[in-house]
Amino acid sequence: MTPMTRVSLAAAEPAIALGPLDGRYRSATAGLVDHLSEAALNRNRVHVEVEWFIHLCQQQALPGLPTLTAEQRTGLRQIVETFGPEEIAELAGIEAQTVHDVKAVEYFIVRRLDSLNLGHLAPLVHFACTSEDINNLAYAVGIRDAVTTVWHPAAREALQSLQSLVDDSAATPMLSRTHGQPATPTTLGKEIAVFVHRLTRQLKRIEEQEYLGKMNGATGTYAAHLAAAPGADWPHLAASFVEHLGLTFNPLTTQIESHDYQAELYADVARFNRILHGLCVDIWSYISIGFFRQIPVAGATGSSTMPHKVNPIRFENAEANLEISNALLDSLGATLVESRWQRDLTDSSGQRNIGTALGHSVLALNNVTKGLRQLDVADEVIAADLDSNWEVLGEAVQTVMRAEAIAGVQGMDTPYERLKELTRGRRVDAEKLKEFVSDLGLSAEAEERLKNLTPSGYTGLAATLAQHHGVG
């Protein structure tokens, strides 16, 4: 279905906001307002009701239904396209009387039919629908559009910034630390590329997500539909309608669409968030040991009392917002897949927090992107750290000794133990290591190879791996 041009709902800023996403951080998350706010939900409800009205007419689902003119179809769709502040207020007034949000949407549309010469078809609005027929589709459209047009671009932008760091540092030798201890050298770019690869896999899962919808009545049986028009193929009409909205049809439900797809989506977004959280922790740690310098922002204050500081606040803020996002996503994923018998209303309250859950993730992504763009690799600090840990070459020496033993070179017994005695709990410099290698009795070629080895040269295929596994 071709997207319509609609009035933006994000311009209306609350005078006083209870939460930070609608207050302090609104500029970073405003894009979600057009898809997951209460006003957006109501607009999407209007959208679903209007399209169902048009679909029933065009498919001649009931005896006596007219085929709508192009002008009438355009007029009906303009009800959605022009849905803005005045319409929000009008709908709120209707709901204050009906005390029912979906019924208010029905009356809101009926008010507009006479101007299109469709007043006689008022009974067709919300025909054979339970409220959840409208709600599940409205939410699916809103969630889909929020993910694809707001969350996904923010994630992709963060990944591109991360990829730029990989490109700049793919061949920058760096000391690894496993269990917090000096370990086999790598490159900075390769370690960042690991995160790029992991995040890209999760992003692909999210890109392939199905958004399900149903249109089958009060308990999923088409009972009212068949009572009114027993000759119509209602499952086919419902499926073609849901697919017309750009969604995947769910053929078997209770009163509600089961929300399993939502739980799947939130689990994938939460996993993406957790991987990103790990990146933030690592970047923060690298900053703390001087591997990255933060580029000062002109006029900005780091610490209120210590002028020398540039605090890594972008990554700290991202961590906090990712944690809040995941708390909500985990809760939604757990509660939405359960419903008492054919329906209860726990999902109604739960789904109103989808925007908040994704909003904190978007805010975190925004912080990560900005934080990455304010980093400068401190090559000299990384090199000095690596050069002070020659003992990490003990792995190379004992592995070469093993290969020599296999090749029949004598005197290569207990290589691991001999290197442990040399390196564990003590610092080894280049001179001591070369002296040790000279006394081993290696073949001339192996001895020469080890004597020429340095910590910065002992990175294996790290640079190649970093360069060949970037953003897809």
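**Figure 1. Helix 16 of the predicted model, residues 394-406**. Helix 16 contains 13 residues, and at 1.5 Å a residue these should span 18 Å. The C-alpha atoms at its two ends lie 19 Å apart, which agrees with that expectation.

**Figure 2. Buried residues of helix 16 and the helices they pack against**. The buried positions of helix 16 are Gly394, Ala396, Val397, Gln398, Val400, Met401 and Glu404. Buried residues of this helix pack against helix 17 (415-423), helix 18 (430-438) and helix 19 (444-451).

**Figure 3. Gly408, just after helix 16**. Beyond the end of helix 16, the chain reaches Gly408, where phi is positive, at about 100 degrees.

**Figure 4. The fold and extent of the protein in which helix 16 is set**. The secondary structure of the protein comprises 20 helices and six strands. Its radius of gyration is 31 Å, whereas the globule rule gives 23 Å for 472 residues; the protein is therefore more spread out than a compact globule. The C-alpha trace spans about 100 × 55 × 40 Å along the principal axes. Among contacts between residues at least 6 apart in sequence, 78% join residues at least 24 apart.

**Figure 5. Burial, surface and charge of the protein**. Buried residues make up 50% of the 472 residues. The accessible surface comes to about 22400 Å², and carbon and sulfur atoms account for 53% of that surface. The protein carries 39 positive and 57 negative charges, and the mean positions of these two sets are 2 Å apart.

Technical notes: Residues numbered from 1 in each chain as written. Predicted model: local features only at pLDDT ≥ 70, side-chain atom pairs only at ≥ 80, totals over all residues. Heavy atoms only, no water. Helix = DSSP H or I, 4+ residues; strand = E, 2+ residues; numbered from the N terminus. Rg over C-alpha atoms; globule rule 2.2 N^0.38 Å. Buried < 20%, exposed > 50% of the residue type's maximum accessible area, 1.4 Å probe, protein only. Contact = heavy atoms within 4.5 Å. Areas by Shrake-Rupley, 256 points an atom, 1.4 Å probe, with all protein chains shown as cover. Lys, Arg positive; Asp, Glu negative; His and termini not counted. Charge placed at Lys NZ, Arg CZ, Asp CG, Glu CD. Expected span 1.5 Å × (residues − 1).
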